Amino acid sequence: MSAMKIFGIAGWKNSGKTGLMVRLVSELTRRGYVVSTVKHAHHDFDIDKVGADSYRHREAGAHEVTIVSGTRFAIMHELRGAPEPSFGDILARLAPCDLVLIEGYKREPIPKIEARRLESANREPLAPTDPHICAIAADHPVADSDLPVFDLDDTPAIADFVEKVTGLKRTAKVSSPND
């Protein structure tokens with residue numbers, strides 16, 4: 001398989017990253033691509049319910065807990081004081097796919113779009129100090145950049161841009177919503 005195609009969405013808290021990610025995953029999978037995602041969290045998180053068997057396994061000290069059903073599986077890996085895995089280590093654990101969309105990891109050297117919203121916690125532009133930002137998606141006019149600027153809600157145009165930047169090629173005819 002060829003090198004993994006990766007594209008990121010960066011931005012400050014409340015900049016619209018997650019909404020854009022969800023819309024892009026939906027649009028790109030509609031176009032026939034297999035898309036995986038990686039989300040970086042700056043805080044502690046838990047995907048397990050207190051009292052569930054898997055939670056009890058983890059709390060008992062298991063290094064990894066895998067939950068498997070006929071619908072999905074999940075592997076939880078407890079760091080237990082070890083350092084956070086590198087970006088590359090996380091990518092290496094993913095199954096082959098057409099595209100990995102990254103939310104967060106704003107300082108990784110990957111092509112990315114900067115999400116900007118007026119309601120963002122911080123409105124300082126990232127693009128001027130990050131040469132890997134190749135476009136901006138905003139809910140307001142952007143005059144301080146020579147980069148392509150998209151409306152934050154123009155998912156089809158942003159998906160076209162992601163295809164172009166990553167070199168994704170559609171292999172099957174995909175029906176449009178109007179078919």
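These legends walk through several views of one predicted model, starting with the whole chain and then moving in on its parts.

**View 1. The whole chain, with its four helices and eight strands.**
If you trace the chain along its sequence, you meet the elements in the pattern β-α-β-α-β-β-α-β-β-β-β-α. The C-alpha trace spans about 55 × 40 × 30 Å along its principal axes. The chain has 179 residues, and 36% of them count as buried. Look at the contacts with a separation of 6 or more: 56% of them link residues 24 or more positions apart in the sequence.

**View 2. The outside of the chain and its charges.**
About 11,000 Å² of the chain is exposed, and carbon and sulfur atoms supply 53% of that area. Now pick out the charged side chains: 23 are positive and 26 are negative. The centres of these two sets lie 2 Å apart.

**View 3. An open sheet of six strands.**
Go across the sheet and you pass the strands in the order β2-β5-β1-β6-β7-β8, paired in the parallel sense. Which strands stand at the edges? They are β2, residues 35-39, and β8, residues 149-151. Each has a single partner strand, so one side of each has no neighbour in the sheet. From one strand to the next, the twist averages 25°.

**View 4. The edge strand β2 beside β5.**
Here you can follow β2 running parallel to β5, which covers residues 99-103. Five bridges join the two strands. To find one of the matched positions, start at T37: its bridge partner in β5 is L101.

**View 5. Strand β1 and its two partners.**
β1 covers residues 6-10, and in the sheet order it sits between β5 and β6. With β5 it pairs in the parallel sense over four bridges, and G8 stands opposite I102 of β5. Three bridges join β1 to β6, and these two strands run parallel as well. Here I9 has I113 of β6 as its bridge partner.

Is β1 mostly covered or left open? It is mostly covered, with five of its five residues buried. I6, G8 and A10 point one way from the strand, while F7 and I9 point the other way.

**View 6. Two helices lying across the strands.**
Start with helix α1, residues 17-30, which lies across β1, β2, β5, β6 and β7. Its direction is at about 170° to β5. Helix α4, residues 155-166, lies across β1, β5, β6, β7 and β8. This helix runs at about 135° to β1. If you want to find the other strands named here, β6 is residues 112-116 and β7 is residues 133-138.

**View 7. F87 and the residues it touches.**
F87 is found in helix α3, which covers residues 87-92. Why does F87 count as buried? Its relative accessible area is 9%, and buried means under 20%. Leaving out residues up to four places away in sequence, F87 touches I6, I102, Y105, E108 and I110. You've already met two of these: I6 is one of the buried residues of β1, and I102 is the β5 residue opposite G8. For a sense of distance, find N122 too: F87 and N122 are 35 residues apart in sequence, and 24 Å separates them in space, C-alpha to C-alpha.

Key. Residues numbered from 1 in each chain as written. Predicted model: local features only at pLDDT ≥ 70, side-chain atom pairs only at ≥ 80, totals over all residues. Heavy atoms only, no water. Pairing = 2+ DSSP bridges. Axes fitted to C-alpha atoms, helices over the stretch in contact; angles between N-to-C directions. Contact = heavy atoms within 4.5 Å. Buried < 20%, exposed > 50% of the residue type's maximum accessible area, 1.4 Å probe, protein only. Areas by Shrake-Rupley, 256 points an atom, 1.4 Å probe, with all protein chains shown as cover. Lys, Arg positive; Asp, Glu negative; His and termini not counted. Charge placed at Lys NZ, Arg CZ, Asp CG, Glu CD.
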